[in-house]
Structures are given as structure tokens and as C-alpha cells.
Amino acid sequence: MDFPSRFDVIVIGGGHAGTEAALAAARMGVKTLLLSHNVDTLGHMSCNPAIGGIGKSHLVREIDALGGTMATATDLSGIQFRVLNARKGPAVRATRAQTDRALYKAAIRSVLENQPNLWIFQQSADDLIVEQDQVRGVVTQMGLRFLADSVVLTTGTFLGGLIHIGLQNYSGGRAGDPPSIALAKRLRELPLRIGRLKTGTPPRLDGRSIDFTQMTEQAGDTPVPVMSFLGKAEQHPQQVSCWITHTNTRTHEIIASNLDRSPMYSGVIEGIGPRYCPSIEDKIHRFADKDSHQVFLEPEGLSTNEYYPNGISTSLPFDVQLDLVRSIRGLENCHIVRPGYAIEYDYLDPRDLKYSLETKVIGGLFFAGQINGTTGYEEAGIQGLLAGANAALRAQDKDAWCPRRDEAYLGVLIDDLITLGTQEPYRMFTSRAEYRLILREDNADLRLTEKGRELGLVDDARWAVFEAKREGIAREEQRLKSTWVRPGTPQGDAVAARFGTPLTHEYNLLNLLARPEIDYAGLIAVTGGGCENAQVAEQVEIRTKYAGYIDRQQDEIARLRASENTRLPADIDYATISGLSKEITHKLSLARPETLGQASRIPGVTPAAISLLLIHLKKRG
Ligand code: FAD
């Protein structure tokens, strides 16, 4: 049969991890196959069609900086954009977009279909070909054999997927899609630790039956933000509003009196669910003192009436779902288009993976996405990109790329998963990163695009934009540094009048910009010059204002790296070191590492603990 059967990289699964993985490998020039259940569901969003948010937009920008596609697809499909934490510091600012589900999927599909080196094929992967601890390929449902020495598994919630609505359950990968049973069975035969997790989704509502006059409107930001470093607001489709309503004591009574019919509370579901995306049952149970929770009514797209009621994910029986939805203000006559449900699925204990996302025991077998115990499109997408890139590097006989915690949220995500494992679906937060001020969403390109270019992920067009930005920043910083303002001159008086800061002596503009009361746009308005590229202006402003803190974090990183070989005395008593958690004290006492570097690689020993060890060693002298 004249059909391509040998590839350099095979990616199984066309969700968010799989599409970024396949694109990354193909962009790096290796012959790649993307094998997925259904070509029509490539890039499908299983839950809310929203991308970004706190901690997550940092990942999306990193995907973008590395040439991935999630941010661009979001710009082409986003129907409401907001910057969260806009009044807080730049480290925690986060862009969030509500997207049109159909437009998002179409954008992803178009990129996939036009990617050189990438073959797409619709089939279930049912078996892996493994020879002496090395993966050699994949066998599909109809018995086709595809061969490759690097295979990336990105099967999301599909492995052994079991859907629950009330006390009824049935097999499924997500509502409307088949589960992956044969492959799940095969993985359990391999020497890998497999566990069960759970996630859930709310019912979807018919917008024609919602009374929006009873709700608070939430419009997007103006000017409308963009997600990609290459994005332009003109690319966005029509922008629309979301709406806010609340649960009430009646809603809570309905839920509380039916908990015995909940699969979670009656013990039917074994897997643990996402702590930060809890079901409404969980919220009522965990926060029993609250008599109201916010519910956001979010449109699923411009060409559908469906709304996603964010905040009431549930797996209660359908009759209870209907009652609880209709007890909410504005939803009294609501029609449910799709019932809410929970799904349990197999995941791999990520401690079985190397930093490259290749398994420790089977050469060439990579895992990425929800299958590694994470939750969210963004967490999945970035893992996919890394696994795809490393699978391609392996095919090219090159060393893997393993980003560090101080380089990227990607580094934080992988380090957390590999060293700590996870017992519940892992979601990214800015609080997980110790070097937040350096790892901002606004500078992901400055941190990663050069690396992406070196790996072959970043094309000429993106590289040209990046280089222009980098040069623009250097030029503008130099101009500000060499432009002086003197007291008593028209410029000096204008600065004093605008910012209420009389100048006592001569300042350059960079010194002035460092002052908290002076902003870039205002300074340029009174002193002239400036640059038109908003991204350049933003960088210059943040770098100048936070220079002291940024330098301090960079010193800390350099110190930690330099202390890699610092020896830990054999007689050290970890129990006497203040600040170390009991768990870490126990682990260090058991392992007795010889150097700080070794200590830092013990699963569960955090960078904060290493800092405490450093302080202790300094005190000992
Ligand atoms: P998926 O998007 O699940 O994609 C897996 C892909 O693999 C699919 O295309 C599938 O067809 C394909 N596939 C599977 N097995 C095979 C096989 N054997 N052969 C070929 N193809 C295969 N995230 C949140 O952040 N918050 C939430 O509240 C939330 N709730 C969720 C609720 C539900 C009910 C579900 C299903 C998901 C929810 N998610 C939530 C998770 C979010 O959908 C995932 O994090 C994200 O989709 C993971 O991306 P992925 O690429 O790893 O897997």
C-alpha cells in the first residue's frame, strides 16, 4: 500500500497539547504524523471557550514566543478581551479572552492543514509498538501500523474516560466523543504509574431563554488587548459582553438536599477534581458559610445561542441541574441545551517523566497535556510544544531542551510536575513562580524567542518583529539615558508642572521615569520624542520602574546557580534549620545530599528551601 507509514515523530491526540506538539515538531523540519480520533475536533475546547487568565496567559505568551499557535488563534477568535489585575504590578497582570469556539477551532485547523512536514490522519491509536524499552510506533484501530522512534501521547481526558451525570455513568472521552479504552489498557501493561483524576463542566444554556435584564453586564476592555506578540486588535471578530448573576440560598438548598445523588459525594467517583475549578457541589460543601456565589454567563460564540454559566460546574442528576439553574436570578425560565457532567480519566504520574517530557523507562515515548495530571488548555498547549520540540530534537540526535524555573513558567510547570507529582489536576498560578517579576506575560518573547529561533520553532516573520522590538527597546533606553532635563528650562518646568515634582538638579529621562509618579506616556508628552511601538514603550517603562527588584531577582538566580556545587557538611542537622517544612526536613535527612545541587534535585525540595540552606551555611561560616 502506497501510504506514508514511517515518520520521525508521531503525535497521538489533536487537542491543545497534540496540536502544539505536532506543529512544533513539523516546524523543526521533521516528518510528523498527527493521529487523532476525529479531524473535525482538532483544537476543540472541551470546557469553556476561554483562553488565558491569571498564570495561564503567561503560558499562552510563552507558547507564542516559541512560535506556537494558541495566542494567534485566540486573536482570530476572541470575542471579549480583558486584562485581569490591571491595577496591580506587571508580574501578575494577565490577559483573558472569551473566544468563539467554532472560530478558534477553525483557526487551529487552518494552521495545521497548511504546515509543511505535517501529515494529519483520523484514526484511534489503540496500541504502541515497544521493543526493548524503546517505542517504535503505533497501531491504529483498523490495524494500520505507523512507525516512528519518537511518539508523543496527548490523549487528554480520553484514557479510560468515564462520564458521570448523577449516579449514572457511561464510557466517553468527553461528551459526544468516544473514550480511549484499548490504549488505556496498553499503558497499564507498561511499567508506568497510572492514576485517576476527575474534572467537570456546567450545563450549557440557551441564550434566548436567559433574562439578561436581571444581570450585570461585563464589557471587555477598551482599547481591546491582544494575546499574541504579533496580534492586532483589527484581527478580532465582533466584541460582545459577558453577564454576571449569583447563586442564592434556594440554589444552595437544592444542591445540599441532593448531595446523596451526587457521584462525588456518594463515593461513585474515585478521582480527585481540580481544587481551583470546583464544582458547585464542592463550593457549597467547602464554603458552607457563604450564601451566594458569582456566576458569569459567557457566550460560546457569535453564531450560536449557547451560553456557558461559569461557576456552576456540576455532575448532579439532570433534574437537580434544571432546578438549581432555574433558581438563579435571570435563569428562571432557562432551557438547558447540554447537561453538565463530570469525567474520570487515567493520568500518568508525571514523576515517571524526564524534564524533556520523555518517559524515564521507555525511550522515545513522550507525554504531554492533561494526561500528565494538569488541567487547562494553556497548561496542555505549552507541554505539547515542549514535548513536540524534544521529540524532534531526539529524531535529529540532538540534546533535549529543558527550560529552568527562572526562564519560563514552562520551567516552573515541568519542574513542579516532575519533582512533586500531582494528586489533583494541576493549574498554573503566578504564585507558583518564585521569580515572578522576571517571568512576566509581557516579556515572554524577550525570554524565549531567541531560544525558539535556535530550535527552529520561530519563523522569519516572527523573528523580524522580535528583532525590531529588541532593538527598539535598546534604542529608546539609550535615548532616555542620554536626554537631560535641567531645572529652570522650559522642559524642566513642564516636567515639574505635569508631575508636581520640582527638579532640584539635572536628570536624564531614565532617572525621571524610575520615579513612581512619572509615567512614560506623560513624560514623552512633555519632553517630546518617544517611540510609537506600544510594546517597546511598555518594556522600557516596566524595566525602568522595577529595575531594582529585577536586578535583585537576577542576583538571586545567579547566586543559586553558582551554589550548585556548594558542599553540605555531613553532620548538618536539618531539624535545626528554621523555616524548612517537616516534609523537606525529613527528605533531606533521609537523602543526605552532598551538594546544594543534589539537594535541589530531590523531589519536593523547593528553591525556597535551598535558599534557607544557603542562609544556614552562611551562618555556620
Ligand atoms: P484534550 O483537549 O482532551 O484532547 C485530547 C485529544 O486526543 C482529542 O482530540 C482526542 O480525540 C484525542 N485522542 C484521545 N485518545 C486518542 C487515541 N487513542 N487515538 C487518537 N486520538 C486520541 N480545564 C480547565 O482549565 N478548567 C476546567 O474547569 C475544565 N473542565 C473540564 C471539564 C470537562 C468535562 C473536560 C472534558 C475538560 C475540562 N477541562 C478544564 C480540561 C481541558 O479541556 C483540558 O485541560 C484540555 O483540553 C487538555 O488538552 P489536551 O490536549 O491535553 O487534551
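This is a short talk through two sheets, a ligand shell and a helix pair in one structure.

Hi everyone, thanks for coming. One caution before we start: this is a predicted model.

Let's begin with the parallel sheet. It is open and has 5 strands, in the order β6-β2-β1-β10-β21. Who stands at the edges? Those are β6, residues 118-122, and β21, residues 365-367. Each has a single partner strand, so one side of each is left without a neighbour in the sheet. Going from one strand to the next, the twist averages 20 degrees.

If you zoom in on the β21 edge, you'll find strand β10, residues 150-153, running parallel to β21 and joined to it by 3 bridges. Within that pair, valine 151 faces leucine 365 of β21. Now add a helix: α9 lies across β1, β10 and β21, and runs at about 170 degrees to β10.

That helix brings us to the ligand. Which elements each supply at least two residues of the shell around the ligand? They are α1 (16-27), β2 (32-36), β13 (194-201) and α9 (377-395). So α9 and β2 turn up again here, α9 from the helix lying across the sheet and β2 from the strand order, both as suppliers of the shell. There are 37 residues around the ligand, and the ones that come nearest are Gly13, Gly15, Gly156, Gly369 and Gly376. By class, the shell divides into 11 nonpolar, 24 polar and 2 charged residues. For those of you who count classes differently, glycine is among the polar ones here.

On to the second sheet, which is open too, with 3 strands in the order β7-β8-β9 and antiparallel pairing. At its edges stand β7 (125-131) and β9 (145-147); each has a single partner strand, so each has one side without a neighbour in the sheet. Neighbouring strands are turned by 30 degrees against each other on average, direction ignored. β7 pairs with β8, residues 134-140, over 6 bridges, and valine 130 sits opposite valine 135 in β8.

Last stop, a helix pair. α12, residues 460-482, packs against α16, residues 534-545, at an angle of about 50 degrees, with the axes 9 Å apart. The two are therefore oblique to each other, and α12 passes α16 in a right-handed crossing. What meets what? From α12 we have Lys469, Gly472, Ile473, Glu476 and Glu477, and they meet Gln535, Val536, Gln539 and Val540 in α16. The contact is evenly split by class, with 3 nonpolar, 3 polar and 3 charged residues.

That's my tour, thanks for listening!

Key: Residues are numbered from 1 along each chain as its sequence is written. This is a predicted model: local features need pLDDT of at least 70, side-chain atom pairs count only at pLDDT 80 or more; totals for chains, interfaces and linings use all residues. Two strands pair if DSSP finds at least two bridges between them. Helices (H or I, at least four residues) and strands (E, at least two) are DSSP runs, numbered from the N terminus. Axes are lines fitted to C-alpha atoms, for helices over the stretch in contact, and angles run from 0 to 180 degrees between N-to-C directions. A residue is near a molecule or strand if its C-beta atom, placed from the backbone, lies within 6 Å of it. Angles under 35 degrees count as roughly parallel, over 145 as roughly antiparallel, 65 to 115 as roughly perpendicular and the rest as oblique. A crossing is left-handed if the near helix is turned anticlockwise from the far one by less than a right angle, and right-handed if clockwise. Two residues are in contact if their C-beta atoms, placed from the backbone, lie within 7 Å.
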